[in-house]
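Here is a short tour of one protein model, written for a reader who likes to check geometry by hand. Please have a look at the sequence and the coordinates first.

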Amino acid sequence: MKEKHCPYCHNTVEENESICHSCNKDLTVQCPYCKQMIKAYDEVCPCCTTKLHKKFNPNILIILGLVLSLIWLALNFILIGFLSTHPAVLIEKDKHGDLILSISDYVSLVLEPMLITIVPYIIALVKKHKTNIAATGLIVNVICSFVFIGYFIHLYNLAK
Ligand SMILES: [Zn+2]
Ligand SMILES: [Zn+2]
């Protein structure tokens with residue numbers, strides 16, 4: 001038999017459970033078409049056989065976030081590779097008194113915080129409230145992305 005998942009916390013629930021044992025949400029809902037009481041995880045109404053909207057799967061959010069994190073990490077490694085072959089970009093082009101970083105500064109200031117952005121997704125994979133945690137992770141990721149773009153533009157201007 002196909003596994004049933006709570007549509008709120010996405011943990012596995014038993015067929016006869018009327019309240020989710022993980023998040024305590026009521027698993028009985030009313031079918032919007034025939035108004036019979038059905039299970040919140042039903043994809044097809046057992047009374048009127050209308051196909052119900054598939055519940056949002058928070059794993060999509062987690063996968064999206066992890067992919068985003070990995071893309072940014074890959075870009076960071078490319079940039080570090082570039083900086084290690086062009087050290088002058090960091091050292092000699094400081095005309096405006098800008099903050100000049102060494103590669104090890106860069107790793108601890110940019111790369112390590114970026115590694116931390118993966119943590120919320122790992123937590124979301126094993127915890128309840130997956131959607132909230134994964135969404136928070138995505139917001140952090142987007143902020144980090146802007147910081148990275150800003151720093152990249154800064155380096156580009158220094159290299160000119
Ligand atoms: Zn639940
Ligand atoms: Zn129905």
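Does N24 count as buried or exposed? With 10 C-beta neighbours inside 10 Å, N24 counts as exposed. The scale behind that word is simple: a residue is buried if 20 or more other C-beta atoms lie within 10 Å of its own, exposed if 12 or fewer, and partly exposed in between, with C-beta atoms placed from the backbone.

Some ground rules will help. This is a predicted model, where local features need pLDDT of at least 70 and side-chain atom pairs count only at pLDDT 80 or more, while totals for chains, interfaces and linings use all residues. Residues are numbered from 1 along each chain as its sequence is written, and chains are lettered from A and ligands numbered from 1 in the order in which they are written.

**The chain as a whole**

The protein chain has 5 helices and 4 strands, and from the N terminus on they run β-β-β-β-α-α-α-α-α. Helices (H or I, at least four residues) and strands (E, at least two) are DSSP runs, numbered from the N terminus. Of the 160 residues, 16% count as buried. Two residues are in contact if their C-beta atoms, placed from the backbone, lie within 7 Å. Among contacts between residues at least 6 apart in sequence, 42% join residues at least 24 apart.

**Four loop residues**

The table sets out where four residues sit and how many other C-beta atoms lie around them.

| Residue | Loop | C-beta atoms within 10 Å | Class |
|---|---|---|---|
| H10 | strand 1 (4-5) to strand 2 (12-13) | 22 | buried |
| N24 | strand 2 to strand 3 (28-30) | 10 | exposed |
| P46 | strand 4 (37-39) to helix 1 (58-85) | 11 | exposed |
| I118 | helix 3 (103-116) to helix 4 | 18 | partly exposed |

Most residues other than glycine have a negative phi. In H10, phi is positive, near 70 degrees, and in N24 phi is positive too, near 65 degrees. As for P46, its C-alpha atom is separated by 9.2 Å from that of Q36, 10 residues apart along the chain.

**Helix 1 against helix 4**

Two packed helices are described by the angle between their axes and the distance between the axes. The axes of helix 1 and helix 4 come within 9 Å and cross at roughly 155 degrees; axes are lines fitted to C-alpha atoms, for helices over the stretch in contact, and angles run from 0 to 180 degrees between N-to-C directions. That makes helix 1 roughly antiparallel to helix 4, a label for angles over 145 degrees.

Which residues meet here? I62, G65 and L66 in helix 1 meet Y121, A124 and L125 in helix 4. The residues of this contact divide into 5 nonpolar, 1 polar and no charged. In this scheme Ala, Val, Leu, Ile, Met, Phe, Trp, Tyr, Cys and Pro count as nonpolar, Asp, Glu, Lys and Arg as charged, and the others, Gly among them, as polar.

The buried residues of helix 4 (residues 119-126) are P120, Y121 and A124. Seen down the axis of helix 4, they fall within an arc of 95 degrees, so they line one face of the helix; the arc is that of the directions from the helix axis to the C-beta atoms.

Back in the loop before helix 4, I118 is in contact with L66 and S69, leaving aside its neighbours within four places in sequence. I118 and G137 are 19 residues apart in sequence and 7.6 Å apart in space, C-alpha to C-alpha.

Notes:
Parallel < 35°, antiparallel > 145°, perpendicular 65-115°, else oblique.
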